[in-house]
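Here are some exercises to work through with the model open beside you. Try each task before you read its solution.

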Amino acid sequence: MRIVVGITGGIAAYKAVGVVRGLVLAGHDVHVVATEAALKFVGRPTLEAMSRNLVHTDLYDGVAEVRHVALGQSADLIIVAPATANTIAKIAAGTADDLLGTTILASTAPLVLAPAMHTEMWSNAATVANIATLRERGVHILGPASGQLTGADSGLGRMVEPDELVAAALAIVGPRDLAGLRFLVTAGGTREPLDPVRFIGNRSSGKQGVAIARAAAARGAEVLLVVANIEDADILNGIAAGGGIEVQEVSTTAELRDAVHAASPAADVVVMTAAVADYRPETVAEVKIKKEVAGDTLDLHLVRNPDILKELTGARPAGQTIIGFAAETEPDRDALLELGRAKAARKGVDLLVINRVGWSEGFGTERNAIIVVSGAGDIVAEAEGLKDAVAHCILDLVPDLRSSP
Ligand code: C5P
């Protein structure tokens with residue numbers, strides 16, 4: 001989505017950096033329109049680095065491309081964060097004396113405001129009337145929250161936290177075609193301990209699974225996200241309580257299995273994105289394995305882990321949709337498809353998402369390339385792009401799947 005983030009001149013402008021970052025991490029094309037006052041609080045280079053686009057301020061820049069209306073016309077969503085009392089008054093009055101004003105007036109996209117000001121300003125009759133006017137016009141007002149304000153005082157007036165704002169704003173614009181469905185999504189990779197300090201693991205970063213959870217929540221689903229060993233904190237950034245996603249952390253395959261079996265009976269859709277270890281050490285050493293004791297070679301005896309996905313499809317409650325993943329290193333497309341088709345049949349899933357992984361593909365990267373096959377082995381979708389976009393392509397298949405007998 002193309003999103004304009006308007007930043008106005010309040011102390012909370014520093015929080016706008018988190019908003020911009022959250023939106024970019026969620027895969028959106030973010031364009032910042034900052035008022036002159038906003039740039040006294042937060043620097044242009046920071047905003048340009050975070051948004052990965054130029055920051056716009058001046059009504060008289062880019063006149064040839066009619067920027068004063070082009071930004072608003074091309075936006076799918078406008079978020080003003082923080083929205084000061086002054087900017088709220090200007091938007092309510094339809095003032096167009098700066099770039100943010102013209103951008104908002106020229107846009108038909110949903111408008112989200114995150115007010116931030118002192119309690120007295122928020123409860124002033126003028127602001128109350130302006131907010132009422134804007135709400136009547138369909139503007140979404142998120143917050144303010146209550147808590148410590150800039151000075152010694154505290155009360156209503158804090159800007160909502162960036163993660164919460166991003167989740168709520170995206171939920172407003174997304175299609176709500178998964179509303180009422182409960183999703184169970186696994187993400188990351190399981191680890192099997194050898195001793196108290198070592199494990200056998202895999203290179204799954206958790207990005208694709210988290211992207212699926214986010215996308216499902218944005219489309220109205222209630223999501224339980226079971227995460228195994230997601231090390232990069234940025235990947236879970238933006239997942240706020242109240243944003244429709246509950247996170248449960250596990251590490252080993254046994255823990256993932258317990259979590260999945262506990263939640264699966266209540267789930268309408270299960271998406272097993274996690275890379276689950278196929279084998280685990282038969283015994284786990286109580287103390288660190290010493291080379292002085294083990295000698296020049298160390299034999300590890302591994303035993304098979306249960307196939308959780310197969311267990312799920314074997315005990316599937318009526319009407320449940322189950323989606324599995326296959327990470328394959330096969331370079332030939334036809335051979336890759338053959339592997340995927342055989343796996344879809346063997347596992348008994350409704351959809352199998354095949355992705356090619358290798359030393360530089362799939363794992364840990366921002367992008368993914370997938371082929372989705374049905375349980376019968378037909379290709380039902382193909383996608384290549386940011387993991388968030390790929391997530392939406394997979395979820396696009398769910399409503400049809402659930403309505404077909
Ligand atoms: O057989 P393979 O490991 O390639 O299957 C991958 C799919 O099966 C993924 O959806 C993964 O989450 C799931 N899986 C599982 N239990 C295992 C191994 C894989 O649920 N022990």
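**Exercise 1: α9 and α14**

Helix α9 (residues 207-218) and helix α14 (residues 387-396) have axes that come within 8 Å and cross at roughly 60 degrees; describe how α9 and α14 meet.

Before the solution, a note on the model: it is predicted, so local features need pLDDT of at least 70 and side-chain atom pairs count only at pLDDT 80 or more, while totals for chains, interfaces and linings use all residues. Residues are numbered from 1 along each chain as its sequence is written, and side-chain values use heavy atoms, with hydrogens and water left out.

Step 1. Helices (H or I, at least four residues) and strands (E, at least two) are DSSP runs numbered from the N terminus. Axes are lines fitted to C-alpha atoms, for helices over the stretch in contact, and angles run from 0 to 180 degrees between N-to-C directions.

Step 2. The crossing angle makes α9 oblique to α14 (under 35 degrees counts as roughly parallel, over 145 as roughly antiparallel, 65 to 115 as roughly perpendicular and the rest as oblique).

Step 3. α9 and α14 cross in a right-handed way (the near helix is turned clockwise from the far one by less than a right angle; anticlockwise would be left-handed).

Step 4. On the α9 side, Lys 207, Gln 208, Ala 211, Ile 212, Arg 214, Ala 215 and Ala 216 are in contact with α14 residues, including Lys 387, Asp 388 and Leu 395 (contact means heavy atoms within 4.5 Å).

Step 5. By class, the residues of this α9 and α14 contact are eight nonpolar, two polar and four charged (Ala, Val, Leu, Ile, Met, Phe, Trp, Tyr, Cys and Pro count as nonpolar, Asp, Glu, Lys and Arg as charged, and the others, Gly among them, as polar).

**Exercise 2: two further helix pairs**

Describe the pair α1 and α8, then the pair α4 and α7.

Step 1. The axes of α1 (residues 13-25) and α8 (residues 162-173) come within 8 Å and cross at roughly 45 degrees. α1 is therefore oblique to α8, and the crossing of α1 and α8 is right-handed.

Step 2. Lys 15, Gly 18, Val 19, Gly 22 and Leu 23 of α1 meet Pro 162, Leu 165, Val 166 and Leu 170 of α8. The contact of α1 with α8 has six nonpolar, two polar and one charged residues.

Step 3. For α4 (residues 85-93) and α7 (residues 125-136), the axes come within 9 Å, crossing at roughly 50 degrees. α4 and α7 are thus oblique to each other, with a left-handed crossing.

Step 4. Ala 85, Ile 88, Ala 89, Ile 91 and Ala 92 in α4 touch Thr 127, Asn 130, Ile 131 and Leu 134 in α7. Seven nonpolar, two polar and no charged residues make up the contact of α4 with α7.

**Exercise 3: the backbone**

Which peptide bond leading to Pro 82 is cis, and where does Arg 52 lie?

Step 1. Most residues other than glycine have a negative phi, and most peptide bonds are trans.

Step 2. The bond from Ala 81 to Pro 82 is cis, with omega near -5 degrees, and Pro 82 belongs to strand β3 (residues 77-83).

Step 3. Gly 143 and Pro 144 are also joined by a cis peptide bond, with omega about 5 degrees. Pro 144 sits in the loop between β5 (140-141) and β6 (145-148).

Step 4. Arg 52, not a glycine, has a positive phi of about 60 degrees. Arg 52 is in the loop between α2 (44-51) and α3 (67-73).
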